[in-house]
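Student: I have a structure here that I would like to reason through with you, step by step. Could we begin with one element and then turn to the whole chain?

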Amino acid sequence: MELTEFISGLINEGNVTVAADLLSFEEADLRTAAIHLQQYYEDDCREMPYTAPALDMEAARWAAGYLYTTVQFILLRNLDASLLETHLPAYKGERTAAAIYSADLTLRYLPDLFLLAKGLSPEDPLIARFYQTAHQWPFSAAAIPLTEQVDLSAINEHPSLRQAYTDRIIQARNLSQCRLPENLPFVQAALGTHAAILWPQFDTVINEFIL
Amino acid sequence: MTESVITLLPADIKVLAQLRTRTDMMAAWYQDQIWVKGMADHAFRQLPALRTWKLDAFNRLFVHGALTPDLTLPGLEWQPLTEFIPVSLPASGLPAYVTSKHAVKLAPCQRDEESFAILTEMRVLETYIASAPQIRLRHLRFAASANARVLVAGVPLPPIPGTSYTLRDRLLMPAGYDFDPPVIRSLLIEKMEAARTHFLLFHVNGQYEMLPDTSFLHVTRSAVRLTAETLRHVL
């Protein structure tokens, strides 16, 4: 029940345990993990703006396994970089709004892991992998400053994801994302006429950027 | 010269009051007795002490002539006598008795104050939080009543329809209104013990509701939605 305990620890206690070896999850483990993810989804939906996208269990389960293995790669320093490709496979399905939100149930912890991994070893091949994942799942990586353009079309098309993504950019005070033309109007609309109270630095930085 | 410490009965506070201008003496309450410390001069020794000790540099208390300490001075909130025994005005020689009660009335006022809270319907708040950015919510608190009314507090307030209230001295007044006469405010605060742990929400007709501090929750989408769901089941 490695994955189930991992998800349960992540949601309920905020700390996780991973196996000392890379492994494949058992069928029974995946089934129980799905029940936890379903419950987590139902609870988390209440915190989402508008109506949250539906649950895509495939994406949710893939993301949970992905996060599990990522933690293993951070902790087990003896693992070879060549194993990254085989043990951190990219998501094969379509990145729909449902998939984005479902994967985010666990991928939202990616920015914290990114900071941890970067602090341990900035040259770690895992960091490049992080950036790659962040570009593919920008909704979950709103706190990671990205230099290259990301595809926000699926996020922009869903009001719940769009609003939540704006919330996250503001929460992370991620100015590089704020400056992007596709994000700036949403951030400005969110702050309204209260930017000076809610985020005093925003006006200064954005004015410098615009001028 | 070392300090002395004595204990007095509570009733002896009147005797101690005769020395209240002394700045070199301190007093504190401990276990229903008055503890006084200071230099044991003539006036100090005249106090009707229950027990008397000498105090050494290590806060140990010695009975007169004893070589070993009796006890260690407990950690007390020592106050100068002027603070320990505050003065109060004497009662009037010919006191009048107020037999009629004055109804609290509110009247429109000219003062321009920023609104601090808004009283609205739960469904209005629920609709607002669904589309509002999180940054517009996180400084807000809300308290809901069983009849699905909700008070939202925090600045800036959300742009939703409702009755605005200003806040001063834990009294929430309808915006644009004050007590008639305004001096009622200080009397109310003085009279009402509840004003220390509750917010008093006044209505234009002078009636008020008491909202305990503990009834306020942070405005999060989940907290508002769960509260609204609960109210729907209750009503």
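Student: What span should helix α2 (residues 27–45) of chain A have, and what distance separates its end C-alpha atoms?

Tutor: Bearing in mind that this is a predicted model, we can start from the 19 residues of helix α2 of chain A, which at 1.5 Å a residue should span 27 Å. The expected value agrees with the model, because the end C-alpha atoms of the helix are 27 Å apart.

Student: How are the buried residues of α2(A) placed around its axis?

Tutor: The buried residues of α2(A) include A:Leu30, A:Ala33, A:Leu37 and A:Tyr41, and A:Asp29 and A:Asp44 are also among them. Seen down the helix axis, the buried residues of α2(A) fall within an arc of 135 degrees, so they line one face of the helix.

Student: Which exposed residues does the face of α2(A) turned away from its buried side carry?

Tutor: Exposed here means over 50% relative accessible area. On the face of α2(A) turned away from the buried side, the residues that are exposed are A:Arg31 and A:Ile35.

Student: Which element of chain B helps to cover the buried residues of α2(A)?

Tutor: From chain A, the cover includes α1 (2–13), α3 (57–75) and α5 (97–107). Together with these, the buried residues of α2(A) are covered by an element of chain B, namely α6 (221–234).

Student: What is the radius of gyration of chain A, and what does the globule rule give?

Tutor: Chain A has 13 helices and 0 strands. It is as compact as a globular protein of its 211 residues, because the globule rule gives 17 Å and the radius of gyration is close to that, at 18 Å.

Key:
Residues numbered from 1 in each chain as written. Chains lettered and ligands numbered in written order. Predicted model: local features only at pLDDT ≥ 70, side-chain atom pairs only at ≥ 80, totals over all residues. Heavy atoms only, no water. Helix = DSSP H or I, 4+ residues; strand = E, 2+ residues; numbered from the N terminus. Expected span 1.5 Å × (residues − 1). Buried < 20%, exposed > 50% of the residue type's maximum accessible area, 1.4 Å probe, protein only. Arc of directions from axis to C-beta. Contact = heavy atoms within 4.5 Å. Rg over C-alpha atoms; globule rule 2.2 N^0.38 Å.
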